[in-house]
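Thanks for making time. I have one model to show, and I will keep to a few local features.

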Amino acid sequence: MDTMIIGIAGGTGSGKTTLTLGLKERFGDSVSILYHDNYYKAHDEMPYEERCKLNYDHPDAFDTDRLVADLEALRRGERVESPTYDYTIHNRSAETVEVNPAPVILVEGILIFVEPALREMMDIKIFVDTDADVRILRRIMRDVKKRGRSLDSVVQQYLNTVKPMHEQFVEPSKRYADIIVPEGGKNAVAMDMIIQRIRSHLAME
């Protein structure tokens, strides 16, 4: 099987997941997804209070080596067990998610273009570009409603680590993108172009 790996990067709340899930919905089992967020390092050795203070927006927060190894396995046609992350306890969950090999693998995350070993595996690199005020509002809505965070904690995390790490790592990584998509999955023109590219790949399978 000739596997095409597509990276979908962009800042927090930019619309990466909308784009990723839109492609998955369109192509079904022909597409598998690996989320960089699921590869946060485990910190069982730390109490909850200490885990809360970690910088989760720095490249060092991720077990990117494991993500690279899992991508290599998928490309060989092997099934992998992706880790998962529990945002309510700031630690890796005991549960894993089975990810099957597929003709198209989507890799989604804010920092996936930063690590050369990961970036160089990608056949297409897409950066979802959305205004900062829209992204912070989306992040507040998501973290308060879905991840059990307080408004104060979300704002403090944004100011202390999310914004400076975006400026230091995420935004500069945009230069590696093959395609820059304003507004992510809501950009119908860009979505159609990406769909056509995937269709062409699947037609050659």
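I will go through a hairpin, then a loop residue, then a surface patch. Keep in mind that this is a predicted model.

Start with strands E3 and E4. The two run antiparallel and are joined by six bridges. E3 covers residues 80–86, and E4 covers 91–99. At the end of E3, aspartate 86 has asparagine 91 in E4 as its bridge partner. Four residues sit between the strands of this hairpin.

One of the residues in that loop is histidine 90. What is the phi of histidine 90? It is near 55 degrees, so to speak on the positive side, and the residue is not a glycine. As background, most residues other than glycine have a negative phi.

Is histidine 90 buried or exposed? Its relative accessibility is 8%, and buried means under 20%, so histidine 90 counts as buried. As for what surrounds histidine 90, leave out residues up to four places away in sequence, and the list of contacts is Tyr48, Arg51, Cys52, Tyr56, Tyr85 and Arg149.

Now go to the other end of E4. Asparagine 100 is in the loop that leads from E4 to strand E5, residues 104–108. Here the relative accessible area is 35%, which lies between the 20% and 50% limits, so asparagine 100 is partly exposed.

Which residues does asparagine 100 contact, once neighbours within four places in sequence are set aside? They are Ser32, Leu74, Arg79 and Ile105. With arginine 79 there is also a polar contact, side chain to side chain, at 2.7 Å. Serine 30 is worth a look as well: 70 residues separate it from asparagine 100 in sequence, while the C-alpha to C-alpha distance is 9.8 Å.

Last, the surface. Val144, Leu151, Val155 and Leu159 make a nonpolar patch of about 310 Å². Which element gives the largest share of the patch? That is helix H6, residues 151–170, with three residues. Leucine 151 is in this helix. Its relative accessibility is 48%, under the 50% limit for exposed, so leucine 151 counts as partly exposed.

To recap, the E3 and E4 hairpin has histidine 90 with a positive phi, and that residue is buried. Asparagine 100 is partly exposed and makes a side-chain polar contact with arginine 79. The nonpolar patch takes its largest share from H6. That is what I have.

How values were computed: Residues are numbered from 1 along each chain as its sequence is written. This is a predicted model: local features need pLDDT of at least 70, side-chain atom pairs count only at pLDDT 80 or more; totals for chains, interfaces and linings use all residues. Side-chain values use heavy atoms; hydrogens and water are left out. Patches are made of residues with over 30% relative accessible area and no salt bridge: like charges are joined within 9 Å, nonpolar side chains (Val, Leu, Ile, Met, Phe, Trp, Tyr) within 5 Å. Accessible areas come from the Shrake-Rupley method with a 1.4 Å probe; for residues, only the protein chains shown count as cover. A salt bridge is a side-chain nitrogen of Lys or Arg within 4 Å of a carboxyl oxygen of Asp or Glu. Buried means under 20% relative accessible area, exposed over 50%, partly exposed in between (1.4 Å probe, protein chains only). Contact means heavy atoms within 4.5 Å. A polar contact is a pair of N or O atoms within 3.5 Å; within protein, one must be able to donate a hydrogen and the other to accept it, and residues adjacent in sequence count only if both atoms are side-chain atoms. Two strands pair if DSSP finds at least two bridges between them.
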